[in-house]
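Trainee: I should like to learn how polar contacts, burial and salt bridges are read from a model. May we work through one example together?

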Amino acid sequence: TYWRFLTRATLGLIRVAYTDRERFIVLLFRPLVLLSFQAPEYEMDAERGIVRWRIEKGILVSRAGRGGNGYLEIDVRRIPGEREGRAGVHVEVEVANFYPAIASGIGRWAYANTQSRIHVIVTHAFLRSLARLDFATSKVGRWVTSSDGSEMPSPSPARRA
């Protein structure tokens with residue numbers, strides 16, 4: 001849902017490409033890779049779900065920030081509802097250990113007043129959009145379940161792209 005929102009918010013200028021092992025945020029098409037991420041890592045239980053994408057490389061990443069030490073993480077926690085059968089959620093988005101190329105080349109001021117602000121604006125808009133409950137269907141299908149709730153095999157690699 002986040003990746004679809006990013007594409008919509010940028011009017012299709014920024015897109016996400018998928019492989020089995022990576023996600024690429026591209027400007028229009030590859031090879032203009034702004035950011036690439038390793039395959040997502042998941043932590044889930046009945047009350048909380050976390051998905052983390054480790055930042056691999058890209059035009060927006062400085063040399064010091066490459067290799068998976070930085071990450072984008074979305075953390076969703078269930079909040080018990082006041083009415084039976086209802087629950088709320090608390091969603092946090094974090095970017096950690098990200099070393100932007102612009103900050104190492106032009107300076108921290110330029111980063112703080114461009115890329116950082118854009119990220120905050122887009123993230124706040126994404127979080128507000130979650131209230132519409134318009135969730136995207138997974139492109140990869142890692143957590144696909146059948147109508148009876150049993151887990152189904154993931155789609156073949158050809159369908160994941």
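Trainee: Which backbone atom lies 2.9 Å from a polar atom of the side chain of R23?

Mentor: A polar contact is a pair of N or O atoms within 3.5 Å; within protein, one must be able to donate a hydrogen and the other to accept it, and residues adjacent in sequence count only if both atoms are side-chain atoms. Here the partner of the R23 side chain is the backbone oxygen of T19, at 2.9 Å. R23 itself belongs to strand β2, residues 22-27; strands (E, at least two residues) are DSSP runs, numbered from the N terminus.

Trainee: What should I know about the source of these values?

Mentor: This is a predicted model, in which local features need pLDDT of at least 70 and side-chain atom pairs count only at pLDDT 80 or more, while totals for chains, interfaces and linings use all residues. Residues are numbered from 1 along each chain as its sequence is written, and side-chain values use heavy atoms, with hydrogens and water left out.

Trainee: Is R23 buried or exposed?

Mentor: Buried means under 20% relative accessible area, exposed over 50%, and partly exposed in between (1.4 Å probe, protein chains only). With a relative accessibility of 5%, R23 is buried.

Trainee: How many salt bridges does the structure hold?

Mentor: Side chains of opposite charge can pair when their charged atoms come close. The criterion for a salt bridge is a side-chain nitrogen of Lys or Arg within 4 Å of a carboxyl oxygen of Asp or Glu. The structure has seven of them. One of these joins D75 and R48, with N to O at 2.5 Å. D75 is in strand β6 (residues 71-80) and R48 in strand β5 (residues 48-57), so this pair ties together parts 27 residues apart in sequence.

Trainee: Which residue besides R48 meets D75 in a salt bridge?

Mentor: R77 does so, at 3.5 Å from N to O. D75 is buried at 5% relative accessible area, whereas R48 is partly exposed at 32% and R77 is partly exposed at 35%.

Trainee: Where in the chain do R52 and E73 lie?

Mentor: Their side chains form a salt bridge at 2.7 Å, N to O. R52 is in strand β5 and E73 in strand β6, 21 residues apart, which links distant parts of the chain. R52 is buried at 12% relative accessibility, and E73 is buried at 10%. Through shared partners, salt bridges join E41, E43, R52, R54 and E73 into one network.

Note on methods. Helices (H or I, at least four residues) and strands (E, at least two) are DSSP runs, numbered from the N terminus.
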